[in-house]
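Dear colleague,

I am passing on a structure for you to look through, and below it I have written up what was found. Please keep the structure open while you read, so that you can look up each residue as it is named.

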Amino acid sequence: MVTLDGKTCLITGAGNGLGFEYAKSMASLGGHVVVNDLGGAFDGTGADQSAAMQAVKALEAEGGSASANTADVADEEQARAMIDEAFDRTGHLDVLVCNAGILRDRMVFNMSIEDWDSVQRVHLRGHFLPLHYAAKRWRENAKTTGEKRPASVVLTSSRSGLYSSAGQINYAAAKAGIASMATVAARELAQYGVRVNAIAPMAKTRMTEGTFGEITSTRWGPANVAPMISYLASDESAGVSGQVFIVGGGRVEWMRTWTPQGVLEAEDGQPLTMNDVIAGRAQLFGDAPTTPADFPTATWD
Ligand code: NAI
């Protein structure tokens, strides 16, 4: 029987939407869930400590074990204290899910610098800081005990980052970066027994209400994403690390990063000249599309 019994699971941004469903799933599997949430609006404005508290109450009402944390994940001191608090429960953090996020969509020509900075701050810095401070603790523990105690990290990317969605230059850049962070951290932390994966969720939440409109089907509910996150959190996914998955609507897609589509090489180790590239255009591109207008886009179909 799959269980998270005895495990401490810290989920950022778990006061709403997807994070709250992950918290319910992990609590129901026996994990102690640390519910982090700053309680802001979907665009990152405001703060309300009751979001984390209410989530904890709801988990406890269903018999789960949970505690609240209201740190801003992108604040250095608050992120460090949040990680220390989670580790100090039992001396180990078993699961870290970086999920907190905000959205501020604009085209590249209309985006304010503040909208760019805010989105990078919450997503990239807000993923890096918890991961960084947790990684330090995992490394220290492994060095002190000489043991590789397993831990699992799930980072939150987006199809916007993987498919480069127009209108989201700030968000897509951050989410593509996060997918890359998962693989880098997986390489760096394997020596300490820590696995790191990333998911690109698809679900109707307050963040995507505009995209989903009136769709009421439970197929797109955030609860339909949670089982894959609990799988990645659990020991059942041992051996899976550095991977990226699109999850939602009753489906999981395993994604692979940038791969060469065509190659052009100068002969006999000579320098590649511009004329070589002009002459080799057909060899490099073949019949493949050479503008993003023809690339796949992140639709909800
Ligand atoms: P949501 O808006 O319902 O939940 C996000 C939570 O993060 C909120 O409770 C918010 O208070 C919290 N948060 C924001 N900034 C924070 C900060 N600095 N510190 C602590 N907490 C903070 O949104 P949703 O849809 O549940 O999104 C969760 C994650 O999934 C986000 O990273 C989002 O970008 C990502 N995502 C969601 C998709 C979807 O289909 N809903 C699609 C692709 C990615």
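**The ligand and its surroundings**

Sorted by class, the shell around the ligand is made of 13 nonpolar, 14 polar and four charged residues. Please bear in mind, as you go through the rest, that this is a predicted model. There are 31 residues surrounding the ligand, and the closest of them are Asp37, Asn99, Tyr171, Thr205 and Arg206. Several elements take part in this shell, since α1 (17-28), α4 (113-145), α6 (169-189) and β6 (194-202) each give at least two residues to it.

Three contacts deserve a look in the viewer. Tyr171 has a polar side-chain atom that lies 2.5 Å from an oxygen atom of the ligand, and Arg206 likewise places a polar side-chain atom 2.8 Å from an oxygen atom of the ligand. With Leu38 it is the backbone that takes part, as one of its N or O atoms lies 3.3 Å from a nitrogen atom of the ligand. As for how much of the ligand is covered, it exposes 830 Å² when taken alone, and the protein buries 98% of that area.

**The pocket that holds the ligand**

Which pocket does the space taken by the ligand correspond to? That space is the second largest pocket, which has a volume of about 940 Å³. Its lining consists of 48 residues, and those closest to the centre are Gly101, Ile102, Leu103, Tyr171 and Met207; Tyr171 is thus a residue you have already met, as one of the closest to the ligand. At least two residues of this lining come from each of α1, α4, α5, α6 and β6, and the largest share, four residues, is supplied by α4. By class, the lining of the second largest pocket divides into 17 nonpolar, 22 polar and nine charged residues.

**The largest pocket**

The largest pocket contains about 1300 Å³ of space, and 31 residues line it, with Leu162, Tyr163, Arg256, Thr257 and Trp258 lying nearest its centre. The elements that give two or more residues to this lining are α5 (159-163), α6 and α10 (281-285), and among these α6 gives the most, with five residues. By class, the lining of the largest pocket has 16 nonpolar, 13 polar and two charged residues.

With best wishes

How values were computed. Residues numbered from 1 in each chain as written. Predicted model: local features only at pLDDT ≥ 70, side-chain atom pairs only at ≥ 80, totals over all residues. Heavy atoms only, no water. Near = heavy atom within 4 Å. Polar contact = N/O pair within 3.5 Å; in protein donor to acceptor, adjacent residues only side chain to side chain. Areas by Shrake-Rupley, 256 points an atom, 1.4 Å probe, with all protein chains shown as cover. 1 Å grid on protein atoms, 1.4 Å probe; cavity = no way out; pocket = protein on both sides within 12 Å on 5 of 7 lines; lining within 4 Å. Sits in = over half its atoms within 2 Å of the grid points. Nonpolar A, V, L, I, M, F, W, Y, C, P; charged D, E, K, R; others polar. Points joined across faces, edges and corners; volume = space filled by probe spheres on them.
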